[in-house]
2 protein chains.
Amino acid sequence: MKPLDFLNLKYKPKESDLVCLFRVEPNKVSVKEAANNLALESSIGSWDRVEGLNEKLINRLGAKVYSINKNLVKIAYPIELFELGNMPSILSGIAGNIFGMKVVKNLRLEDIEFPKKLIDSFKGPKLGIDGVRKIIRVKDRPLIGTIVKPKVGFSPDKHAEYAYRAWSGGLDLVKSDENLTNQDFNKFKERFKKTIKKMDKVEKETGDRKIYVENVTAETKEMIKRARFIQDNGGNCAMIDVVVSGWSAFQTLRNENLDLILHIHRAGHGMFTENPKHGMSMLTVAKIVRLIGGDELHIGAVFGKMKGEEKEVKIIEKEIEKNIISSNGVLKQDWFNIKPMFSVCSGGIHPGTLKKLIESMGKDIIAQAGAGVSAHPLGVNAGARAMKQALNASLEGIDLKEYAKDHVELKMAIDKWGYLK
Amino acid sequence: MKPLDFLNLKYKPKESDLVCLFRVEPNKVSVKEAANNLALESSIGSWDRVEGLNEKLINRLGAKVYSINKNLVKIAYPIELFELGNMPSILSGIAGNIFGMKVVKNLRLEDIEFPKKLIDSFKGPKLGIDGVRKIIRVKDRPLIGTIVKPKVGFSPDKHAEYAYRAWSGGLDLVKSDENLTNQDFNKFKERFKKTIKKMDKVEKETGDRKIYVENVTAETKEMIKRARFIQDNGGNCAMIDVVVSGWSAFQTLRNENLDLILHIHRAGHGMFTENPKHGMSMLTVAKIVRLIGGDELHIGAVFGKMKGEEKEVKIIEKEIEKNIISSNGVLKQDWFNIKPMFSVCSGGIHPGTLKKLIESMGKDIIAQAGAGVSAHPLGVNAGARAMKQALNASLEGIDLKEYAKDHVELKMAIDKWGYLK
């Protein structure tokens with residue numbers, strides 16, 4: 001009997017196909033044979049020809065390996081294979097069992113091109129970049145923010161006070177950290193209420209609008225309760241740690257259609273994005289987040305404590321900011337009616353890196369400094385001022401060192417941490 | 001200023017501490033320095049000494065690196081750091097940002113030891129091994145099952161008919177595949193109803209009890225709707241693809257406390273479990289699943305198409321079957337009142353591997369063969385009979401080849417696929 005054949009190098013993907021780009025390192029077989037096995041396992045196959053698996057079915061629902069270029073393999077999946085609007089189910093096929101098959105030594109899902117019909121089955125960001133800008137009433141510049149540090153340990157009162165000093169120093173956003181949820185020493189509701197009160201205060205005092213990013217990461221129903229609590233108590237933003245919470249819960253949260261910015265933290269992504277040979281690329285994660293509907297996504301800081309090459313981070317940024325991607329990464333993507341997202345750059349950022357970060361990443365970013373604000377020699381408020389001064393220097397095109405001559409907080413920051421030209 | 005210090009090699013973990021075992025490959029620093037940074041980032045730290053982060057706080061909430069043995073690092077986390085019962089939030093700390101830090105080239109979370117207070121904050125399996133055995137009315141032997149193949153492509157009628165033939169051939173379980181949910185050609189409700197009708201029929205005909213494992217993977221609310229539909233329509237088991245769905249949704253599903261077996265598929269785990277240097281071990285995944293409360297978990301087949309060394313798979317099996325783990329993996333674990341789970345062995349299994357699998361894994365397993373049933377030369381029913389015959393041979397301690405002399409279906413199976421002595 002002829003082996004099951006999912007190779008079709010003459011196949012031209014249909015507009016309705018979902019296309020995946022895999023990096024394949026085969027194990028004791030050729031790339032071709034490994035690719036055939038991947039296409040089979042990720043669509044309709046089995047390791048042996050079963051009853052009912054005939055040529056007609058393979059033609060209709062089988063994945064097609066249509067391009068092999070060294071280790072890069074493109075596979076087209078007929079749209080009928082998938083349940084529309086069900087992200088976990090889609091990933092069970094194209095990012096499921098195949099990572100553990102013996103025919104591959106390493107396998108990396110580099111990119112997914114979603115067809116229109118699938119795109120249309122998801123909501124995408126409710127607010128997107130424009131919607132977030134309307135809330136904060138800032139049209140053209142990057143947003144700057146901080147994360148309350150230490151990550152955990154403050155009481156609700158101290159947390160709120162910290163936020164107040166950061167906002168009043170000129171920051172747009174204050175964020176709870178990814179591992180702060182509802183611990184005994186800092187309960188969610190009390191923290192939120194106290195902090196939002198400070199946000200109201202500082203908005204009145206400054207005339208500026210502010211964003212408070214509160215972490216709702218939990219079991220799904222509790223997560224939604226916490227997000228509703230934010231909405232019902234004057235908040236404007238909920239954060240979910242999407243990797244540890246999962247795609248189902250994120251879809252559920254988005255489906256609630258709350259009047260909140262959804263801020264997407266990616267803690268844990270490094271488990272599967274960091275190895276260039278194996279796992280799933282951060283680009284793919286970012287596309288999934290945009291499709292489901294985050295408004296702001298952490299994508300890396302380039303100049304900070306976390307890994308993330310400038311080139312890769314910029315590719316991701318382009319993917320989530322633009323509407324049509326023609327030469328980004330490796331696959332094209334038309335986002336149709338799905339709104340663009342803000343890129344959040346965070347992790348080791350300080351005033352001395354801000355100008356360089358903006359030069360590299362453009363205006364549609366949120367630059368978040370944690371220790372880079374609060375470890376300022378004069379404390380959080382001065383750290384916030386230093387960030388704002390660095391932002392202004394950047395907007396006015398003035399060298400940071402020059403600008404620091406008249407701005408003592410910035411001067412102290414770059415004296416402590418240095419700066420990037 | 002003295003650098004932040006989370007190293008304390010004299011520290012003896014408290015009974016209430018959560019302990020993690022990491023495999024650390026540092027990047028341009030010593031293991032010690034990398035470990036210090038990991039402890040800091042995964043608990044309360046920042047890259048610089050921030051306001052409010054004092055020795056008192058570090059003592060109270062900081063993680064403690066208490067053991068370094070070559071590349072194996074043990075870190076103890078005070079229980080107060082965590083929100084009880086919130087798995088995603090716990091993982092945001094211990095399995096979050098740290099995977100992407102520049103100080104590590106590779107990092108693998110090998111094991112977690114959960115303290116009693118955390119254990120008590122989760123439900124664990126509702127049924128566990130004993131509960132599943134009660135439903136199927138099988139006391140002492142392994143369970144055998146199949147997965148409907150092709151993975152997707154059948155109509156509801158064909159799916160139900162396939163299940164009928166498999167059950168009537170003597171299998172205990174029939175399962176929908178991980179990427180079959182609610183596709184247009186095979187809608188969930190219609191498939192379920194038609195298949196469960198066949199299950200009722202075969203139970204009447206044979207007098208045996210059967211399990212139908214139906215896949216509810218979806219956005220959380222839809223997932224719960226589907227699980228309730230199963231319960232309300234005479235079903236006994238719901239499957240979730242836990243990696244692609246996520247921990248939040250799984251917790252939510254468990255919290256519904258339905259009268260269903262929860263069958264946990266791990267599609268996608270290979271993204272982060274396969275690299276021996278980086279990611280999270282399958283052992284850790286299995287412990288998390290048990291803690292949240294799966295009744296049956298896919299852990300590998302040893303003799304099939306998927307990776308998974310026998311030694312590793314057996315360590316995982318022991319971890320989810322036993323109540324006190326003293327020398328398993330590397331960390332000990334007392335499971336207190338959390339019930340044990342069934343191990344599901346699946347992926348390339350056929351009648352010729354069953355006896356060997358049972359010899360290796362013992363009686364508390366569910367052996368699932370997909371193509372190994374349905375690609376039998378005489379089809380699904382004969383394939384099911386061959387599996388049952390292989391099971392009987394194993395229970396009676398008779399060599400497969402010997403047993404096959406009087407059992408034609410088994411003979412045809414091992415003539416086709418061979419067998420393991």
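Which helices of chain A do the buried residues of α18(A) pack against? They pack against α14 (351–361), α15 (371–374), α16 (380–396) and α17 (400–404) of chain A. This is a predicted model, where local features need pLDDT of at least 70 and side-chain atom pairs count only at pLDDT 80 or more, while totals for chains, interfaces and linings use all residues. Residues are numbered from 1 along each chain as its sequence is written, chains are lettered from A, and side-chain values use heavy atoms, with hydrogens and water left out.

**Helix α18 of chain A**

- Helices here are DSSP runs (H or I, at least four residues), numbered from the N terminus.
- In α18 (residues 408–417), the buried residues (under 20% relative accessible area, 1.4 Å probe, protein chains only) are A:E409, A:L410, A:A413, A:I414 and A:W417.
- Looking down the axis of α18(A), you'd see these buried residues fall within an arc of 125° (taken from the directions from the axis to the C-beta atoms), so they line one face of the helix.

**Where chains A and B meet**

- The contact (heavy atoms within 4.5 Å) takes 95 residues from chain A and 96 residues from chain B.
- About 7,300 Å² is buried between the two chains (accessible area lost on being put together, 1.4 Å probe, summed over both), and carbon and sulfur atoms give 54% of that.
- B:W47, B:E51 and B:M271 supply 11% of the area that chain B buries against chain A, more than any other three residues.

**Charged links**

- Six salt bridges (a side-chain nitrogen of Lys or Arg within 4 Å of a carboxyl oxygen of Asp or Glu) are counted between chain B and chain A.
- A:E256 forms a salt bridge with B:K221, with the closest N and O atoms 2.7 Å apart.

Terms used:
Buried < 20%, exposed > 50% of the residue type's maximum accessible area, 1.4 Å probe, protein only. Helix = DSSP H or I, 4+ residues; strand = E, 2+ residues; numbered from the N terminus.
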